[in-house]
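Reader: I am new to this structure and would be grateful for a close look at a single part of it, with its surroundings explained step by step.

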Amino acid sequence: KHYPQLSGKQLHTLRKCDYPTVALEVLSLFGSGIPWYDLSILLRETYTKKVFGTEEITPLKWLEPGRLALLQLSGGPTLAFKDIPLQLLGRLMNYVLEKEDGTLNILGATSGDTGSAAAYALAGKNRLRLFMLSPYGRMSRFQQMQMYTLNERNIFNLVVNGTFDDCQKVMKEVNDDAEFKEKYHLGAMNSINWARIAAQVVYYVYAYCKATTNIGDEVSFSVPSGNFGNALAAHVAKQMGVPIRDIIVATNENDVLDRFFQTGEYRPRMWGDTSSPSMDISVASNLERYVHDIEGFNPAKTARLWASLKSDGKFVLPKSGRNARWMLSGKATDAEVLDTIRMVYREYNTIIDPHTAVGVKVGLERRDDTPLIVAETAQPAKFADTIREALGFEPPIPERFKGLADLPEHTTRIDPDAEAVKQFIAAHV
Ligand SMILES: *Cc1c(COP(=O)(O)O)cnc(C)c1O
């Protein structure tokens, strides 16, 4: 119904605070239902240098001092920004299950980043098990290694003889069996979970505080987007009073969101694979929340738009209230991604991954005099092939991943068949 507010003065106070403190201040505003003291412990346990590689958790790296920075969100265990919300979500879920003396079995499907981030978030959590479906042989070398070498009693990698679509279909079929779902306490951790969005609002507040010095100073953010979770979190931060000038939604060749922000027409579809696979998404699951806001928090109106999406495969926002004026957008082709990776290496001596490159390319195109902060959503080591194509050499692999290739993999091959998956779950809970 409304967003809690952060005043300029409160933000000014947060300038001196570390990441877990900023997280506590921001998340408390949403009334988590978790006692303040417990939440503060959970946040201190989650956002550590040990897990995220730096004391700052999400450091800013200035490429042009005071003008252009990367917000480094990918220091976590799977080298992509999804670790930031999911590491917290895993702990929150376990905390609630402890209180209720319950257990939960998470069933998921992944084409790459989400699966490993969920696995590393739930590893060793005593109240949770994870059954993750992934398509055989279709993820990057690094992604497979990372996910399949995890050796934990509560993590089950089900490698499906089929595509990502097959995985999703099976997951949906299992979930549609209400009796099974209830009997085996099946749950999900997907990207429309509000706790994930709230945890992402935190780093926009934190980055704002670190990038500015005076009350009222403005910044703009450029966000490589697919499901629209990350850009939505920036929009929420702005709604809460953070002085964000523009939010630049950057897409790859699958530019459903760019078209939406340019024309008001939302029509999900896919053009094909790109070098930024985590943004090859046609349906932006979180867009509904944004539209609900700009349409004046009117549930009936939002419902009407999504009904026409269902019946006509699209909707068009009326010209008057088209889009929030601070939401800008643009797209980058694969060729432009390669050019941008080269340019950033040449000009700033920094290697960026293809997703981040989309954000840099579109951000630079749309920026004005306001300092621009680009969300770095993954590290280049994850996408070595594209980096080699752009720069002629492979990006360095962070120290802690060097041994991965030698570890045994822990997987079960399975057919894309809901009954087979149900049997597996029943046998392992
Ligand atoms: C998931 C992901 C994105 C897209 O983020 P959304 O919140 O889905 O818009 C971008 N880059 C990387 C590396 C990702 O893993």
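Which residues does valine 205 touch, not counting residues up to four places away in sequence?

Author: This is a predicted model, in which local features need pLDDT of at least 70 and side-chain atom pairs count only at pLDDT 80 or more, while totals for chains, interfaces and linings use all residues. Numbering starts from 1 along each chain as its sequence is written, and side-chain values use heavy atoms, with hydrogens and water left out.

With residues up to four places away in sequence set aside, valine 205 touches Leu6, Leu11, Leu14, Val22, Val26 and Val242; contact means heavy atoms within 4.5 Å. Val205 is also named, with Phe228, Leu287 and Tyr290, among the residues with the most contacts inside the largest nonpolar core, which has 74 residues. A nonpolar core is a set of buried Ala, Val, Leu, Ile, Met, Phe, Trp, Tyr and Cys residues joined through side-chain atoms within 4.5 Å. Buried means under 20% relative accessible area, exposed over 50%, and partly exposed in between (1.4 Å probe, protein chains only). The largest share of this core, 13 residues, is supplied by helix α10 (residues 194-211). Helices (H or I, at least four residues) and strands (E, at least two) are DSSP runs, numbered from the N terminus. Separate from this core is a second one of 23 residues, which includes Ala332, Met343, Ile351 and Val360.

Two of the residues touched by valine 205, Val22 and Val26, belong to the buried residues of helix α2 (residues 19-29), together with Tyr19, Pro20, Ala23, Leu24 and Leu27. These buried residues of α2 pack against α1 (8-14), α3 (36-46), α5 (83-100) and α10. After α2 comes glycine 31, with a positive phi near 60 degrees.

Helix α10 also has a part in covering helix α11: the cover of the buried residues of α11 includes α10, β7, β8, α13 (287-294) and β12. In α11, nine of the eleven residues are buried, among them Leu232, His235 and Val236. Glycine 241 follows α11 and has a positive phi, near 105 degrees.

Leucine 287, another core residue with many links, is found in helix α13. Leucine 287 counts as buried because its relative accessible area is 0%. Apart from neighbours within four places in sequence, leucine 287 is in contact with Phe228, Leu257, Phe260, Phe261, Tyr266 and Trp306. Leucine 232 and leucine 287 are 55 residues apart in sequence, yet 7.6 Å apart in space, C-alpha to C-alpha.

The strands that help to cover α11 lead to a sheet. This open sheet has six strands in the order β1-β2-β12-β7-β8-β11, with mixed pairing; two strands pair if DSSP finds at least two bridges between them. At its edges are β1 (60-64) and β11 (327-331), each pairing on one side only. Neighbouring strands are turned by 25 degrees against each other on average, direction ignored; axes are lines fitted to C-alpha atoms, for helices over the stretch in contact, and angles run from 0 to 180 degrees between N-to-C directions. Helix α11 (residues 229-239) packs on the sheet and touches β7 (219-224), β8 (244-251) and β12 (372-376), its direction making about 170 degrees with that of β8. Helix α16 (residues 354-366) lies across β2, β7, β8, β11 and β12, at about 130 degrees to β8.
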